[in-house]
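Trainee: I have a new structure to look at and would like to learn how to read it. Could you take me through some of its features?

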Amino acid sequence: RPFLESWLAGRAKENETEAEVLAGLCDKYLMGCIEYVIDGVEDKEKMLIVDPLRQIVPRSDLGLTTQLTRLLESILTTERALTDPPMIEAVFLLCVTWSIGGALVQDARVKFDKFLKKLSGLNVNPSETASCGPGMLPGFLPTLHDYLFDVEDRRWVPWTQLVPEYKAPADGKFSSIVVPTSDTVRTSWLLECTVNGSHTPILLVGDSGTAKTTIVRDFIMNQSPDRTLSLTINFSSRTSARDVQAAIEDSIEKRTKDTFGPPAGKRLLIFVDDLNMPRVDTYGTQQPIALLKLLLDKGFVYDRKELSLKHIKDIQSISAMAPPGGARAMVDPRFVNLYSVFSITFPPESSIRTIYATILEQHFNGGAFTREIEESGLATKLTVASLELFNAIIVALPATPSKFHYVFNLRDLSRVTEGLMQATPDRFTEPGQVVRLWRHEVLRCFYDRLVGNSDKEFVTGKISEIISKDFSEHATPVMEMPILYGDFMFFNEIEEAREAKEETDHVRLYDGLESYDA
């Protein structure tokens, strides 16, 4: 409460009318939502208590309140100078959704959304097409997490309407591909609000394969190089505090006697991936995280030789990690409270289908392949087939103590798609050849990790079933054995490219082999 009162007093100096409205909204929403999320208090008067909502990492009431104020500061700017109470309430509800409800897992989001809408007392419009402005809440999609309140248009907008058109990366690398979906647009907005809006640290927490790293890298690449420098640090179990400090000090320069920072007029964005991977020492501390906590909280580190203070200015932290468990330790809650924490949920199947189908369409329908391949609709068909096989595997073959490596996620689908993109127009002229390549890729990505004949027979049987069902006209040549593909390079073209000082990636050849003797 003292923190909130101090923050409201500061807002009153800039816009007294806005501060009065915010104070009333805090009384109406804040404590009720926090008590529901952390303690499970659904109705104080009726003494109705339920299980606390599950957060992807534990958050404190102060941490949630701080995150709320940061989001409000990024949207309720001096330039906008909002004074209309319904408008401010709409913005407040958006910020409550992404602060108090920001770290909730998917199932808990639905419960929190129901509680928040009931607490608001506002009419909920279930229509898909009707526009919802201030004083109303949309109800067609499951939760308010699926909407953005557009301050300029004064209405709630589904994230799906804000997805831009896909553009292939300039470097052509698969790792650089970012297909816009409602999930990527939403995460990019959260990064924009936190990093460029309130200029505060942000932590994205989600399972492997939810594109956290890809989205952050894309966000950093889109920042102005005249004003922003970036540093990426990938944590592992062997990362030490000394390694982290050396990496940061290599990216900054001396300004005054004890003050350091990036070149004047610039900021340094430090992206830490796999934040919770460093091993826990004897005293329960993760030393790299202890160093980052000192830097972000106090703004300095100690010189390791002279033991003097080194004040570091103009830096911001963006971090990403998977939920604690296994080799990933629970991060110090005091360190987590320095961040705005957002749970990155697993994308729905429709988004996954859109991502991989768009990538394959760009590859096969770009005019280089034969008309037969372009008109066959392989991009969509192969994506659906991959998803069907993937869903069957994760249900039928879960990880067990004896099969602990049975961990399948979106990265496996990405590997299958990347393998399909190795197909070249000169070697793949018929749809059946591409389908055979798909069979090879799923065998390499899924089948080769299996142990035990029963598991292998299940996967091969499922692959045969999918091919017979979706690609029956190509089934005979696709199912021929052995199925072998090799990655080759033309020696003479390599030498010519090297002499001309050109890249050699374009002389690679991914081709099918008919036997082991080829």
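Mentor: We will go through helices, aromatic rings, a cavity and a few single residues in turn. Keep in mind that this is a predicted model.

Trainee: Let's begin with a helix. How does the span of α6 agree with its number of residues?

Mentor: The idea is to take 1.5 Å a residue and see what span that gives. Helix α6 covers residues 182-198, which is 17 residues, so it should span 24 Å. Its end C-alpha atoms are 23 Å apart, which agrees. Just after α6 comes His-199, with a positive phi near 55°.

Trainee: And how many residues of α6 are buried?

Mentor: Buried means under 20% relative accessible area. In α6, 13 of the 17 residues are buried, so this helix is largely enclosed by the rest of the structure.

Trainee: What do the same two readings give for α15?

Mentor: Helix α15 runs over residues 431-445 and has 15 residues. From first C-alpha to last it reaches 21 Å, close to the 21 Å expected. Of its 15 residues, 13 are buried, so α15 is also largely enclosed by the rest of the structure.

Trainee: Now the rings, please. What describes a pair of aromatic rings?

Mentor: A pair of aromatic rings is described by the distance of the centres and the angle of the planes. A search of the whole structure finds ten aromatic pairs. In one of them, the ring centres of Tyr-36 and Phe-115 are 4.2 Å apart and the planes are at 15°, so the pair is stacked. Planes under 30 degrees apart count as stacked.

Trainee: Which parts of the chain does that pair link?

Mentor: Distant ones: Tyr-36 is in helix α2 (residues 16-39) and Phe-115 in helix α5 (residues 106-120), 79 residues apart. Tyr-36 is buried at 6% relative accessibility, and Phe-115 is buried at 11%.

Trainee: What about Tyr-406 and Phe-408?

Mentor: They make a tilted pair, with 6.0 Å centre to centre and 50° between the planes. Tyr-406 is buried, with a relative accessible area of 4%, and Phe-408 is buried at 11%. Together with Phe-446, these two form one aromatic cluster.

Trainee: Where does the charged end of Lys-310 sit?

Mentor: It sits over the ring of Phe-260, 5.0 Å from the ring centre.

Trainee: How many cavities of 30 Å³ or more does a search of the whole structure find?

Mentor: The search finds one, and its volume is about 60 Å³. To read a cavity, look at which residues line it. Among them here are Tyr-356, Leu-382, Ser-386 and Val-416. Helices α11 (349-364), α13 (378-396) and α14 (410-420) each supply at least two residues of the lining. By class, the lining has seven nonpolar, three polar and no charged residues.

Trainee: Last, single residues. Is Ile-34 buried or exposed?

Mentor: Ile-34, in helix α2, is buried, with a relative accessible area of 4%. Its C-alpha atom is separated by 6.6 Å from that of Ile-100, although the two are 66 residues apart along the chain.

Trainee: And where does Tyr-447 lie?

Mentor: Tyr-447 lies in the loop between α15 and α16 (453-470). At 24% relative accessibility, Tyr-447 counts as partly exposed. The C-alpha atoms of Tyr-447 and Leu-71 are separated by 46 Å, and these residues are 376 residues apart along the chain.

How values were computed: Residues are numbered from 1 along each chain as its sequence is written. This is a predicted model: local features need pLDDT of at least 70, side-chain atom pairs count only at pLDDT 80 or more; totals for chains, interfaces and linings use all residues. Side-chain values use heavy atoms; hydrogens and water are left out. Helices (H or I, at least four residues) and strands (E, at least two) are DSSP runs, numbered from the N terminus. The expected span of a helix is 1.5 Å times one less than its number of residues. Buried means under 20% relative accessible area, exposed over 50%, partly exposed in between (1.4 Å probe, protein chains only). On a 1 Å grid over the protein atoms alone, a cavity is a set of points where a 1.4 Å probe fits but cannot get out, and a pocket is an open set with protein on both sides within 12 Å along at least five of seven lines; lining residues have an atom within 4 Å of a point. Grid points are joined across faces, edges and corners, and a volume is the space filled by probe spheres set on the points. Ala, Val, Leu, Ile, Met, Phe, Trp, Tyr, Cys and Pro count as nonpolar, Asp, Glu, Lys and Arg as charged, and the others, Gly among them, as polar. Rings of Phe, Tyr and Trp (its six-membered ring) pair if their centres lie within 6.5 Å; planes under 30 degrees apart count as stacked, over 60 as edge-to-face and the rest as tilted. A charge sits over a ring if NZ of Lys or CZ of Arg is within 6 Å of the ring centre and within 35 degrees of the ring normal.
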